[in-house]
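Trainee: Hey, have you got a minute to go through a structure with me? I'd like to start with the big picture and then pick at a few residues.

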Amino acid sequence: MMREWLWKTVAGIAADVEAPGFKRIVMKPVPDRRLGFVDAEYQSAAGTIRSNWKYDDDTWRWKFTVPEGSVAIVTLPGETISKEYTPGTYTVEKSI
């Protein structure tokens with residue numbers, strides 16, 4: 001149960017229930033400075049999903065990987081608008 005909470009909430013990795021087999025991934029991390037960083041990976045039916053974030057002073061840096069054959073619906077912390085990402089590895093920065 002704790003591991004599932006870490007993946008879904010802190011790392012922000014969840015399956016879209018309308019697209020079985022992780023064909024569509026919902027990525028919406030909830031970072032917390034008290035944790036310092038997160039380095040998570042999940043072996044899904046579609047391939048390895050990665051989520052790695054850390055704080056550098058007032059900047060939050062997130063590196064994530066979307067496996068081949070999947071898309072990710074990504075929502076950054078504190079935002080309500082999502083963006084779709086195709087397979088690949090991305091780095092996003094946000095001032096916090």
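**Walking through the chain**

Mentor: Sure. Reading from the N terminus, the elements of the protein chain go α-β-β-β-β-β-β-β-β. Keep in mind that this is a predicted model.

Trainee: OK, so how many helices and strands are there in the protein chain?

Mentor: The protein chain has one helix and eight strands.

Trainee: And what does its C-alpha trace span along the principal axes?

Mentor: About 35 × 30 × 20 Å. The radius of gyration of the protein chain is 13 Å, and that agrees with a compact globule of 96 residues, which would come out near 12 Å.

Trainee: What share of the 96 residues is buried?

Mentor: Buried residues make up 39% of them. As for the outside, the accessible surface of the protein chain comes to about 5,900 Å², and 52% of that belongs to carbon and sulfur atoms.

Trainee: How about charges? How far apart are the mean positions of the positive and negative ones?

Mentor: They are 1 Å apart, with 13 positive and 13 negative charges in the protein chain.

Trainee: Got it. Now contacts: of those between residues at least 6 apart in sequence, how many join residues at least 24 apart?

Mentor: That would be 41% of them.

Trainee: Let's zoom in. Where is Ser-51, and is it buried or exposed?

Mentor: Ser-51 sits in strand 4. Its relative accessibility is 0%, and anything under 20% counts as buried, so Ser-51 is buried.

Trainee: Which residues does Ser-51 touch, leaving aside its neighbours within four places in sequence?

Mentor: Its contacts are Ala-11, Ile-13, Met-27, Val-38, Asp-39, Ala-40, Trp-62, Lys-63 and Phe-64. With Ala-11 there's a detail to look at: a polar atom of the Ser-51 side chain lies 2.6 Å from the backbone oxygen of Ala-11.

Trainee: Anything else in strand 4?

Mentor: Try Thr-48, since strand 4 covers residues 47-56 and Thr-48 lies in it. The side chains of Thr-48 and Gln-43 are joined by a polar contact of 2.8 Å. Again leaving aside neighbours within four places in sequence, Thr-48 is in contact with Glu-41, Tyr-42, Gln-43, Thr-65 and Pro-67.

Trainee: Switching topic: what's up with phi of Phe-22?

Mentor: Phi of Phe-22 is near 60 degrees, so a positive value in a residue that isn't glycine. That catches the eye because most residues other than glycine have a negative phi.

Trainee: Where does Phe-22 sit, and is it buried or exposed?

Mentor: Phe-22 is in the loop between strand 1 (13-15) and strand 2 (24-27). With a relative accessible area of 15%, which is under the 20% cut-off, Phe-22 is buried.

Trainee: And what about Asp-57 and its phi?

Mentor: Asp-57 isn't a glycine either, and its phi is positive, at about 55 degrees. You'll find Asp-57 in the loop between strand 4 and strand 5 (59-66). Asp-57 is exposed, because its relative accessible area is 69% and the cut-off for that is over 50%.

Trainee: Last one: where is Trp-5?

Mentor: Trp-5 is in helix 1, which runs over residues 2-11. Its relative accessible area is 43%, so Trp-5 counts as partly exposed.

Trainee: And how far is its C-alpha atom from that of Glu-84?

Mentor: The two C-alpha atoms are separated by 23 Å, with Trp-5 and Glu-84 being 79 residues apart along the chain.

Methods. Residues are numbered from 1 along each chain as its sequence is written. This is a predicted model: local features need pLDDT of at least 70, side-chain atom pairs count only at pLDDT 80 or more; totals for chains, interfaces and linings use all residues. Side-chain values use heavy atoms; hydrogens and water are left out. Helices (H or I, at least four residues) and strands (E, at least two) are DSSP runs, numbered from the N terminus. A polar contact is a pair of N or O atoms within 3.5 Å; within protein, one must be able to donate a hydrogen and the other to accept it, and residues adjacent in sequence count only if both atoms are side-chain atoms. Contact means heavy atoms within 4.5 Å. Buried means under 20% relative accessible area, exposed over 50%, partly exposed in between (1.4 Å probe, protein chains only). The radius of gyration is taken over C-alpha atoms; the globule rule is 2.2 Å times the number of residues to the power 0.38. Accessible areas come from the Shrake-Rupley method with a 1.4 Å probe; for residues, only the protein chains shown count as cover. Lys and Arg count as positive and Asp and Glu as negative; His and the chain ends are not counted. The place of a charge is taken as NZ of Lys, CZ of Arg, CG of Asp or CD of Glu.
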